[in-house]
Every structure is written in structure tokens, then in C-alpha cells.
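Me: I've got a model open and I'd like to talk it through with you. Can we go over it bit by bit?

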Amino acid sequence: MVDEVAFADVACSAARFYGTGVDYPTPASGYFEDHPTFGRRWVSNGRLDSRRRQEAEDAARPQWRDHTAARVVLTSAGVRLLPVGAREWMPFDHVLLTGVANEPPAVVLSYSTCAPLLLSGPAAPWLGVAVEHLHHSSAY
């Protein structure tokens, strides 16, 4: 933004909290058996299939994902995040902020339009206080 003022430029670890669609494993597991009466046949492994389905469901549940180091710039308009290796900044505007949870050495920022953002590292507690202050002062 043109009128945006930067207050801090720090390095943090970042993650997002969300779930994904379940990617069930295929094909079914099992083995070929040479049976004396029935000949060569496929024998399915129900226990292994069940365990693989459960693992896929567990992996899809909401959890902290996309853990990465990132450059974080706190501005008058929001938090700007540039993950390591990324070319585009991810904007998190103060007007969309719904909550700040300081849990040293981390802060969780919740937004109305996207998954929560976890920032951790030495600068994270200060960022949480500063973001909350900027959010409340922009509401007036």
C-alpha cells in the first residue's frame, strides 16, 4: 500500500493451522498366495488397509502446517509475511484480525478470512503485543 508505514522487519518461524482433504491410499494392500486348492490368488490385508486409511485421516485433520522460516514485516496496515524461497508477500491485514493469542515464545494471529497464523521466535511475543495495539488503535 502507498500509505503503509513499516514498524518492524524481523525473522520468525511461521505456520498455518488448517485441515486438508483425505487422500486415501490405493490400491488395497495384500499379497499373492499360491494356495494348493485355489491356485494363485490375491489375499487382501484388511488390517494394513485399515491402518493406512486411519493414517490418511489423521494426516488430513486440522493441524499446524507449512512450517517455515519467514521474514515478517509489521506495518500500519497489517503483517506481511515472506516465507523463505517465496517470491510473493502474504498479506494479513489488521482489519481482518479476529484474535491475538500470546503464548511465549509464540503468537497466534486469527483472521476472519484465512487460517490462523503462528509466529514463533524471539520477536514473536513483541509482535503479538504490537499487532494487538495496532488493531485496537485502528478500530477507533
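Me: Is glutamate 55 buried, partly exposed or exposed?
Reply: Keep in mind that this is a predicted model. Partly exposed is the class between 20% and 50% relative accessible area. Glutamate 55 has 45% relative accessibility, so the residue counts as partly exposed.

Me: Which residue forms a salt bridge with glutamate 55?
Reply: Look inside helix 1, residues 46–60, where the two partners sit 4 residues apart, about one turn of the helix. The closest N and O atoms are 3.4 Å apart, and the cut-off is 4 Å. The partner of glutamate 55 is arginine 51.

Me: And what is the relative accessibility of arginine 51?
Reply: Arginine 51 lies in helix 1 together with glutamate 55. Arginine 51 counts as partly exposed, because its relative accessibility is 48%.

Me: How many salt bridges does a search of the whole structure find?
Reply: Side chains of opposite charge can pair when their charged atoms come close. Arginine 51 with glutamate 55 is one such pair, and arginine 80 with aspartate 93 is another, at 2.8 Å between the closest N and O atoms. For the whole structure, the search comes back with 6.

Me: Which strands hold arginine 80 and aspartate 93?
Reply: These two form a salt bridge. They are 13 residues apart, and the pair links distant parts of the chain. Arginine 80 is in strand 5, and aspartate 93 is in strand 6.

Me: Is arginine 80 buried or exposed?
Reply: Buried means under 20% relative accessible area. Its partner aspartate 93 has 26%, so aspartate 93 is partly exposed. Arginine 80 has a relative accessible area of 11%, so this one is buried.

Me: Which residue is linked with Arg80 and Asp93 in a network of salt bridges?
Reply: Arginine 80 and aspartate 93 already form a salt bridge with each other. The network also takes in one more residue, Glu4.

Me: What is the N to O distance in the salt bridge of arginine 71 and aspartate 9?
Reply: This pair links distant parts of the chain, with arginine 71 in strand 4 and aspartate 9 in strand 1, 62 residues apart. Both count as partly exposed, because the relative accessibility is 39% for arginine 71 and 46% for aspartate 9. The N to O distance is 2.6 Å.

Me: How many bridges join strand 1 to strand 4?
Reply: Strand 1 covers residues 6–18 and strand 4 covers residues 63–75, and they run antiparallel. One of the bridge pairs matches arginine 16 with arginine 65 in strand 4. The count for the two strands is 11.

Me: Which strands stand at the edges of the sheet?
Reply: It's an open sheet of 7 strands with antiparallel pairing, in the order 6-5-4-1-9-8-7. An edge strand has a single partner, so one side is left without a neighbour in the sheet. That describes strand 6 (90–93) and strand 7 (97–103).

Me: Where is the place of glycine 85?
Reply: Glycine 85 counts as exposed, because its relative accessibility is 77%. Its C-alpha atom is 9.0 Å from that of alanine 70, 15 residues apart along the chain. Its place is the loop between strand 5 and strand 6.

Me: What is the radius of gyration of the protein chain?
Reply: The protein chain has 2 helices and 9 strands. For 140 residues the globule rule gives 14 Å, and the chain is well over that, so it is more spread out than a compact globule. The C-alpha atoms fill a box of roughly 80 × 30 × 25 Å. The radius of gyration is 23 Å.

Definitions and conventions: Residues are numbered from 1 along each chain as its sequence is written. This is a predicted model: local features need pLDDT of at least 70, side-chain atom pairs count only at pLDDT 80 or more; totals for chains, interfaces and linings use all residues. Side-chain values use heavy atoms; hydrogens and water are left out. Two strands pair if DSSP finds at least two bridges between them. The radius of gyration is taken over C-alpha atoms; the globule rule is 2.2 Å times the number of residues to the power 0.38. Buried means under 20% relative accessible area, exposed over 50%, partly exposed in between (1.4 Å probe, protein chains only). A salt bridge is a side-chain nitrogen of Lys or Arg within 4 Å of a carboxyl oxygen of Asp or Glu.
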